[in-house]
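Trainee: I want to know what stands behind the labels we use for a fold. Can we go through them one at a time?

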Amino acid sequence: AVMARLLVPDLANVRDVTCYDPSAGSGTLLMALAHQIGEERCQIYSQDISQKSSQMLRLNLILNKLVKSIQNIVKGDTLLEPAHKEPNGSLKKFDYIVSNPPFNLDKWGQDKLQDDVRWKFGLPPSGNANFAWVQHMIHHLSRNGKIGLVLANGSLSSTTSGEGKIRQAIIEDDMVDAIITLP
């Protein structure tokens, strides 16, 4: 709920927005965001590799009056095969993105995604998907959109396999407003 309040502090101009979580699980972050915005003002999109999690999210949508978004809940590997696309094949853009992706995921498919358009700030290392998730979200972000995400603390300081350069490029592109660290 805190992340949702930080992303949407003022509801005055928030209408007909899209909300996305690329690793939604049962949808806790998406539900908090939808409640903050107002269920009638937003459309929910998600993708998760777990069929069980996707089913739980669909149930959450029914229980939270977001039935119109059920068709946007997709089971699949987000990094290898992103599902939400525009009619022309480009990846869909979203107004709000929230996520708590799996930390330090190895074997995420970097070998198959060398030239992917999502790696604007640099190719993420093969043994750690943290900056693949970050760049996936940035690529999906609409022009005035906002992202709230949870990452492992090591993401703030790691320089392994180019992570420091990716992080620096993201900061220099003015993509970061705030970072909150917890013990």
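**Reasons behind the labels**

Mentor: Start with one residue pair in this predicted model. V98 stands opposite G148 in β5. The chain then crosses from β4 through α4 to β5, and this β-α-β crossover is right-handed.

Trainee: What makes the crossover right-handed?

Mentor: Look with the strands pointing away from you. A path that runs clockwise from the first strand over the helix to the second counts as right-handed. The crossover from β4 through α4 to β5 is of that hand.

Trainee: How do you know that β4 and β5 pair?

Mentor: Pairing needs at least two bridges. Five bridges join β4 to β5, so the two strands pair. They run parallel. One bridge partner is L149 in β5, which goes with S99.

Trainee: What is the strand order in the sheet?

Mentor: The order is β3-β2-β1-β4-β5, in an open sheet of five strands with parallel pairing. Neighbouring strands are turned by 15° against each other on average, direction ignored.

Trainee: Why are β3 and β5 called edge strands?

Mentor: Each of them pairs on one side only. β3 covers 73–75 and β5 covers 141–149.

Trainee: Which strands does α4 lie across?

Mentor: α4 lies across β1, β4 and β5, and runs at about 150° to β5. Helix α2, residues 28–37, lies across β1, β2 and β4. Its angle to β1 is about 165°.

Trainee: What makes α4 mostly covered?

Mentor: Of its 11 residues, 10 are buried. Among them are F131, W133, V134 and I138. The cover over these buried residues includes β1, β4, β5 and α5 (163–172).

Trainee: How many aromatic pairs are there?

Mentor: The structure holds three. In one of them, the ring centres of Y45 and F94 lie 5.1 Å apart, with the planes at 55°.

Trainee: Why is the pair of Y45 and F94 called tilted?

Mentor: The centres must lie within 6.5 Å, and 5.1 Å passes. Planes under 30 degrees apart would be stacked, and over 60 edge-to-face. The angle of 55° is neither, so the pair is tilted. Y45 sits in strand β2 (residues 42–48) and F94 in strand β4 (residues 94–99), 49 residues apart, so the pair links distant parts of the chain. Ring pairs also bring in Y20, which forms a cluster with Y45 and F94.

Trainee: How do you know that Y45 and F94 are buried?

Mentor: Buried means under 20% relative accessible area. Y45 has 12%, so Y45 is buried. F94 is at 0% and is buried too.

Trainee: What makes the pair of W108 and W119 edge-to-face?

Mentor: The ring planes stand at 90°, which is over 60 degrees, so the pair is edge-to-face. The centres are 5.7 Å apart. W108 and W119 both lie in the loop between β4 and α4 (130–140), 11 residues apart in sequence. W108 is at 3% relative accessibility and W119 is at 8%. Both values are under 20%, so W108 and W119 are buried.

Trainee: Why is S126 called partly exposed?

Mentor: S126 has a relative accessible area of 46%. Exposed starts over 50% and buried is under 20%, so S126 falls in between. S126 lies in the loop between β4 and α4. S126 is in contact with D106, K107, W108 and Q110, leaving aside neighbours within four places in sequence. S126 and D106 are 20 residues apart in sequence, yet their C-alpha atoms are 6.7 Å apart.

Trainee: Which residues have the most contacts inside the largest nonpolar core?

Mentor: They are C19, L33, I37, C42, I44 and Y96, in a core of 22 residues. α2 gives the largest share, six residues. Elements that give two or more residues also include β1, β2 and β4.

Trainee: What does I37 touch?

Mentor: Residues up to four places away in sequence do not count. That leaves V8, L11, V14, V17, C19, C42 and Y96.

Trainee: Which residues does the second core include?

Mentor: L79, F94, A129 and W133 are included in that separate core of 13 residues.

Terms used. Residues numbered from 1 in each chain as written. Predicted model: local features only at pLDDT ≥ 70, side-chain atom pairs only at ≥ 80, totals over all residues. Heavy atoms only, no water. Phe/Tyr/Trp six-rings, centres within 6.5 Å; stacked < 30°, edge-to-face > 60°. Helix = DSSP H or I, 4+ residues; strand = E, 2+ residues; numbered from the N terminus. Buried < 20%, exposed > 50% of the residue type's maximum accessible area, 1.4 Å probe, protein only. Axes fitted to C-alpha atoms, helices over the stretch in contact; angles between N-to-C directions. Contact = heavy atoms within 4.5 Å. Core = buried A, V, L, I, M, F, W, Y, C linked by side-chain atoms within 4.5 Å.
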